[in-house]
Every structure is written in structure tokens, then in C-alpha cells.
Amino acid sequence: MADKNSLEKSLDFVLLALAITYFVGFLSFHPESLLLKDAPYHIPHEYEIHFEILLWIFFGLLVLDLYLKYKKINNWKLFLKKHWLDILLVVLIPFLTAFKIAKISTNLVKSMKASKGGFKVFYKAKKASKHIK
């Protein structure tokens, strides 16, 4: 039993450390999400992928933590009553990530539309210059 308590405490510490680390990266890469004009510190954007991977490691460990908590209680009703906030967090991570993907997709579509407009202007200008000669 001491090993389980030790594992749970270690897992809680690791989850806290991962959450803090992810928040530090999130604040650097997306300050506008927290209503900040600029990030209080700068992390190069090459490292953003590492923070995305960190988020999924955090998610996996949260799922493991919930599983261990359920095994300890072994009663669905009590588990849901006692750990509803943990469950909500586990559900929200993929849900909010989907919004981030949608935002990236929207930006990509906007860029493609702008590029298309730019190519049309270039083509029309080239065509017009042929008629002038």
C-alpha cells in the first residue's frame, strides 16, 4: 500500500511540474489568449512543438492518474462525485486542442485566399501589360 501512495504522490508532483512547464510555454507562444499584448519572456518558436508533445504526455499521465484513482475507489458514482474536476480536465484537453487545430486551419484558408488574390492581381497585371505593348 505504501508503494501505491508513493506512486500517487510522485504522479501528482510530475503532473504539477508538467502543468507549470506547459503553462510557461503557452504564455510565451500565445500571450493573446491570456489577454496580454506581448509575452513576458521569449521562447524560440522552434520549441513550440516540444510543448505540444508535453501537453499529450500530460494528458496521458492524467488518464493514468484517473485510472489509479478509480481503482482505489472502485465505485463509479463515488468516483464521479469525488473526481469530476479531474475528469473534466481530461475531457477538455482534446476538445480545446481541436479548437486550436481549427484556428490553424482557418488561418491556412485565409492565407490561401490571400495568395489566390495575389496571383489573380499578378496575372491581370501581366495580361494588361501585354495589351499595352
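This text walks through helix 2, the aromatic residues after it, and a nonpolar patch that involves helix 4.

The model is predicted, so local features need pLDDT of at least 70 and side-chain atom pairs pLDDT 80 or more, while totals for chains, interfaces and linings use all residues. Residues are numbered from 1 along each chain as its sequence is written, and side-chain values use heavy atoms, without hydrogens and water.

Helices are DSSP runs of H or I with at least four residues, numbered from the N terminus. Helix 2 covers residues 48–73. Its 26 residues should span 38 Å at 1.5 Å a residue (taken times one less than the number of residues), and the end C-alpha atoms are 38 Å apart, which agrees. Buried residues (under 20% relative accessible area, 1.4 Å probe, protein chains only) of helix 2 include Phe51, Leu55, Phe58, Leu62, Leu66 and Tyr70. Asparagine 74 follows helix 2 and has a positive phi, near 60 degrees.

The structure holds six aromatic pairs (ring centres within 6.5 Å, using the six-membered ring of Trp). In one of them, the rings of tyrosine 70 and phenylalanine 79 have centres 5.4 Å apart and planes at 80 degrees, so the pair is edge-to-face, a class that needs over 60 degrees. Tyrosine 70 is buried at 17% relative accessible area, and phenylalanine 79 is buried at 5%. Ring pairs join Tyr70, Phe79 and Trp76 into a cluster.

Leucine 88 lies in helix 4 (residues 84–132). Its relative accessibility is 40%, so leucine 88 counts as partly exposed, the class between 20% and 50%. Leu88 helps to make a nonpolar surface patch of about 610 Å², together with Trp84, Leu85, Leu92, Phe95 and Leu96. Such a patch joins nonpolar side chains within 5 Å, from residues with over 30% relative accessible area and no salt bridge (a Lys or Arg side-chain nitrogen within 4 Å of an Asp or Glu carboxyl oxygen).

Notes: Patch = residues over 30% accessible without salt bridge, like charges linked within 9 Å, V, L, I, M, F, W, Y side chains within 5 Å. Areas by Shrake-Rupley, 256 points an atom, 1.4 Å probe, with all protein chains shown as cover. Helix = DSSP H or I, 4+ residues; strand = E, 2+ residues; numbered from the N terminus. Phe/Tyr/Trp six-rings, centres within 6.5 Å; stacked < 30°, edge-to-face > 60°.
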